[in-house]
Protein chains: 4
Amino acid sequence: MAKKIKKVDQNKAKKKKAIFESAIENFAKNGFHNTSMSDIAKSAGVADGTLYLYYKNKDDLMIKVFNEMVDEKLELIQEAIKDEKNPLEKLYKVFEYHIELFTNNPDYVRFFVQEVRQSPEFYDRFPDFHPINKYLSLLEDLIKECVDKGYMKQIDPVLAAKILYGSIDFILSEWSLRKDNLPLKNIYKNVIDIFHNGMRYE
Amino acid sequence: MAKKIKKVDQNKAKKKKAIFESAIENFAKNGFHNTSMSDIAKSAGVADGTLYLYYKNKDDLMIKVFNEMVDEKLELIQEAIKDEKNPLEKLYKVFEYHIELFTNNPDYVRFFVQEVRQSPEFYDRFPDFHPINKYLSLLEDLIKECVDKGYMKQIDPVLAAKILYGSIDFILSEWSLRKDNLPLKNIYKNVIDIFHNGMRYE
Amino acid sequence: MAKKIKKVDQNKAKKKKAIFESAIENFAKNGFHNTSMSDIAKSAGVADGTLYLYYKNKDDLMIKVFNEMVDEKLELIQEAIKDEKNPLEKLYKVFEYHIELFTNNPDYVRFFVQEVRQSPEFYDRFPDFHPINKYLSLLEDLIKECVDKGYMKQIDPVLAAKILYGSIDFILSEWSLRKDNLPLKNIYKNVIDIFHNGMRYE
Amino acid sequence: MAKKIKKVDQNKAKKKKAIFESAIENFAKNGFHNTSMSDIAKSAGVADGTLYLYYKNKDDLMIKVFNEMVDEKLELIQEAIKDEKNPLEKLYKVFEYHIELFTNNPDYVRFFVQEVRQSPEFYDRFPDFHPINKYLSLLEDLIKECVDKGYMKQIDPVLAAKILYGSIDFILSEWSLRKDNLPLKNIYKNVIDIFHNGMRYE
DNA sequence: GATGAATGAGATTTCATTCAT
DNA sequence: TATGAATGAAATCTCATTCAT
């Protein structure tokens, strides 16, 4: 009996996972508006109607998939930096890990950088949809710690976080969309150097 | 006779201009997918079918409008910096002007930051659509000059340009979408300071 | 063993009853087309599939429920008039009871007056669905008796029954749909007076 | 030039008329919910999308068609009775004409009697949709005049109008749906007799 | 060239019904 | 028997594009 229930639940979980991944893949490849629910269903190997058993509608599907993906990645990042004590090293590790994660999942990059910037109307309709905010908060906290502990000079953590995020995000985006041949894996060192030591000639 | 032809041509030019501006305005306000050809035609005061006399289809209209808009803004920027000799000052003026332009045209920001990031599939279909590239080239050239003339240390201009662009772009995007209350007008000084002097405690 | 079977049968009967009542309630409140099988199943506390163990399909469920409801009400009416000997009084009591029943179950009125009028195509498909006929027959019989026994002049009972039914039905419908503030409870006296004594000035 | 414009307008008018009549026919035959926009489009010989050039949506189509039909018929009725001075005769002529009109257009009867009784939710959404009210008003006014001028005894015109309307409506409905073989054309005399002189034995 | 009515493919979503468990 | 996840047909509606005038 217990076995039976388990099987059904396994099936449900498998199906949800399939939908989740098909959604990411399709949104990533073609964008939200050029991806139809039918496309996702077909990729996931389920009927169109099945999508609506798991998600209320297309918006809901997109938001849930997005949020879940971000949460998943953030957890990995936080796990990866939890043993590092030095806040500066922590900050740099975040980048290193961020880049590494996306390098290994190019679809995620595309999805992330394309769909995260939705229309104002979208933000108006879904005020809770601010997945980047969590990431920005993480950066802000680390920067604040760096400043407080004397690793950085007095700078506005909110602004600095945006600068850091914007840089990495754009680099990843270009890498993904234009198939840049930048050696992405080692790029974070250059980024860090520019931010930390500035560009000025000494 | 010659006069008549001229008048007709003037009319044509006027009509094309009207379509162009209506398209920008509508795309900017509502995004590509939430703007119908009918919307644009109505704004421009022409019939739906008329759009197709000047542009092959909706994609074509969008790309041409986008590219032309970028060219126009870039020209303004280049005009604004042409008297400055110091490449570093030039670079910073680019930012100042960039921010100023978008501050005065918030709709443009949205259009630019939302629509510029198309799907890979879109780039495959329209390989000529790289409006940002021109801007990045400008930055790269200036950075290279800075390096060459000893204003900056040896850094990769391509990477540095992306970092600068990504930072500003994201800040503008956040400002526009989330109605940030950052004092945008003076922000460029902080950005420049971070990049130029680094974040490290001295 | 016998006991066990009985219990199962009791369960079955209970379940069928639950479905029946949930169906009425839902159809009455929201109409046939705005009630889904799922709605009914949920109200009845059974699974969607269970409905199909007791009814062939949605149409079948509706027709059976409708017919049974009418039969139930008719039985109540017949019970209420069975001690009355005077056919005229009997006729008037039918009305009184009819109005009273619906006044106490406004949802039923809506169901009755809305759904009872089906499309010709529906009647073609389900020739057995003539719930009103039974009611009309009752009226016709009473009118005939009135005529035969000299309580009424020579009129066509079929026509007269339709006139009486149509009047009451429309008044109830208006009362229900437009939330008329007609004092429904006492209205039947006026109706009877008009029919019995006519409208002419004497 | 004038001819040209006329032709286009003629075409539009013809198309609108075709949609109007197809809508009535389909609604009449199958009811609102069992008629799809595609059905109507097909009957009218136009594309699905064309319906939306003339009507905002399915509800709008139904309401506009209904109201227009009622207005048209009411105008005919008012034209037909305008020379009659005696209010009682006027009232009876209304019935005569009402029956005659619908006898000649059985589809109209079905549409009228089926769709007029919509769900309460429908009335809530479209408070302006009370096509019957106009007809009821006409009856009320005539009855009031009859009472005032001594042709009828003191009765409530609102109630009396509903009784008269409900009777005729139901008779027509039965005639239409069940293909009654009642001699519809002369029936109004019997109806009038019952109402005017009552049913009682004298 | 200019028009705008007409088209019809395609998108989202619902829901009666089935069937493996 | 009972379940309820899954199905997929069908409905409404939008809109880029065409073409007769």
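Which backbone N or O atom lies 3.5 Å from a base nitrogen of DNA strand E? The atom belongs to Gly49(D).

This is a predicted model, in which local features need pLDDT of at least 70, side-chain atom pairs count only at pLDDT 80 or more, and totals for chains, interfaces and linings use all residues. Residues are numbered from 1 along each chain as its sequence is written, chains are lettered from A and ligands numbered from 1 in the order in which they are written, and side-chain values use heavy atoms, with hydrogens and water left out.

Start with DNA strand E. It has 29 residues around it; Met37(A), Thr50(B), Met37(C), Thr50(D) and Tyr54(D) come nearest. Sugar and phosphate make up 70% of the strand E atoms that come within 4 Å of the protein. A residue is near a strand if one of its heavy atoms lies within 4 Å of it. On a phosphate oxygen of strand E, a polar side-chain atom of Tyr54(B) lies 3.1 Å away. A backbone N or O atom of Ala47(D) lies 3.0 Å from a phosphate oxygen of strand E. H3 of chain A, H3 of chain B and H3 of chain D each supply at least two residues of the surface near strand E. H3(B) gives the most, with five residues. Helices here are DSSP runs (H or I, at least four residues), numbered from the N terminus.

Now DNA strand F. It is surrounded by 31 residues, the closest being Thr50(A), Tyr54(A), Met37(B), Lys12(C) and Thr50(C). Of the strand F atoms within 4 Å of the protein, 73% are sugar and phosphate. A polar side-chain atom of Thr50(C) lies 2.4 Å from a phosphate oxygen of strand F. A side-chain N or O atom of Lys58(D) is 3.0 Å from a phosphate oxygen of strand F. A base nitrogen is reached too: a polar backbone atom of Gly49(A) is 3.4 Å from one in strand F. H3(C) gives the most to the surface near strand F, with five residues.

Turn last to helix H8 of chain B, residues 131-148. Its 18 residues should span 26 Å, because the expected span is 1.5 Å times one less than the number of residues. The end C-alpha atoms are 27 Å apart, which agrees. The buried residues (under 20% relative accessible area, 1.4 Å probe, protein chains only) of H8(B) include Tyr135(B), Leu138(B), Leu139(B) and Leu142(B). An α-helix has 3.6 residues a turn, so residues three or four places apart point the same way. After H8(B) comes Gly150(B), with a positive phi near 85°.

Conventions: Polar contact = N/O pair within 3.5 Å; in protein donor to acceptor, adjacent residues only side chain to side chain. Buried < 20%, exposed > 50% of the residue type's maximum accessible area, 1.4 Å probe, protein only.
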